[in-house]
Amino acid sequence: QVQLVESGGGLVQAGGSLRLSCAASGSIPSFNTMGWYRQAPGKQRELAALITRSGITNYGDSVKGRFTISRDSAKKAVYLQMNSLKPEDTAVYYCNAVFWTVAGVKSDYWGQGTQVTVSS
């Protein structure tokens with residue numbers, strides 16, 4: 001059983017910074033990708049950022065240039081440094097980890113979410 005536990009959310013003023021952390025525990029495979037998704041009230045969940053096992057990153061258009069994702073493979077952890085925060089970044093942020101078996105079976109894991117609120 002894999003568990004992802006997020007931390008680091010909170011309330012910050014516009015222009016400020018926050019750093020989210022996500023640590024995996026349990027029977028942990030070597031995840032193919034780890035990342036962060038977010039969901040604002042009344043909106044669909046969207047990609048914030050993800051990083052592959054080899055370090056390739058992908059960002060949502062709205063966070064490019066402001067957010068940076070990093071990964072500690074030894075600790076099975078992923079981080080999201082969020083700078084120049086805007087009120088529209090307010091959302092619940094979810095950690096995600098994906099593992100593909102050699103047979104092509106996908107396992108998708110999610111954290112419980114952490115609230116980020118940016119005040120104007």
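Cys22 counts as buried in this predicted model, because its relative accessibility is 1%, and a residue is called buried when that value is under 20%. Its partner, Cys95, is also buried, because its relative accessibility is 0%. Cys22 and Cys95 form a disulfide, with their sulfur atoms 2.0 Å apart. The pair joins distant parts of the chain: Cys22 lies in strand S3 and Cys95 in strand S9, and 73 residues separate them. A disulfide is a covalent bond between the sulfur atoms of two cysteines. The torsion about the S-S bond of Cys22 and Cys95 is about -80 degrees, and the disulfide is therefore left-handed. The structure holds 1 disulfide.

The two strands just named belong to a chain that has 11 strands and 0 helices. Read along the sequence, the pattern is accordingly β-β-β-β-β-β-β-β-β-β-β. Contacts also connect parts of the chain that are far apart in sequence. Of the contacts between residues at least 6 apart in sequence, 54% join residues at least 24 apart.

What lies inside the fold may be considered next. The largest nonpolar core comprises 28 residues, and those with the most contacts inside it are Trp36, Ile69, Val78, Leu80, Met82 and Tyr93. Several strands each supply at least two residues of this core, among them strand S1 (2–7), strand S3 (18–26), strand S4 (33–39) and strand S9 (91–100).

Strand S9 also contains a polar residue, Asn96. Is Asn96 buried or exposed? Asn96 is buried, because its relative accessible area is 4%, below the 20% limit. The side chain of Asn96 makes a polar contact with the side chain of Asp108 at 2.7 Å. The side chain of Asn96 also reaches the backbone oxygen of Tyr109, at 3.1 Å. Leaving aside neighbours within four places in sequence, the residues in contact with Asn96 include Leu4, Thr33, Met34, Gly35, Tyr37 and Trp110.

The chain as a whole may now be described. Of its 120 residues, 40% count as buried. The chain exposes about 6,300 Å², and carbon and sulfur atoms supply 50% of this area. The C-alpha atoms fill a box of roughly 50 × 25 × 25 Å, taken along the principal axes. The radius of gyration is 14 Å, which agrees with the value near 14 Å for a compact globule of 120 residues.

Definitions and conventions: Residues are numbered from 1 along each chain as its sequence is written. This is a predicted model: local features need pLDDT of at least 70, side-chain atom pairs count only at pLDDT 80 or more; totals for chains, interfaces and linings use all residues. Side-chain values use heavy atoms; hydrogens and water are left out. A nonpolar core is a set of buried Ala, Val, Leu, Ile, Met, Phe, Trp, Tyr and Cys residues joined through side-chain atoms within 4.5 Å. Buried means under 20% relative accessible area, exposed over 50%, partly exposed in between (1.4 Å probe, protein chains only). Helices (H or I, at least four residues) and strands (E, at least two) are DSSP runs, numbered from the N terminus. A polar contact is a pair of N or O atoms within 3.5 Å; within protein, one must be able to donate a hydrogen and the other to accept it, and residues adjacent in sequence count only if both atoms are side-chain atoms. Contact means heavy atoms within 4.5 Å. The radius of gyration is taken over C-alpha atoms; the globule rule is 2.2 Å times the number of residues to the power 0.38. Accessible areas come from the Shrake-Rupley method with a 1.4 Å probe; for residues, only the protein chains shown count as cover. A disulfide is a pair of cysteine sulfur atoms within 2.5 Å.
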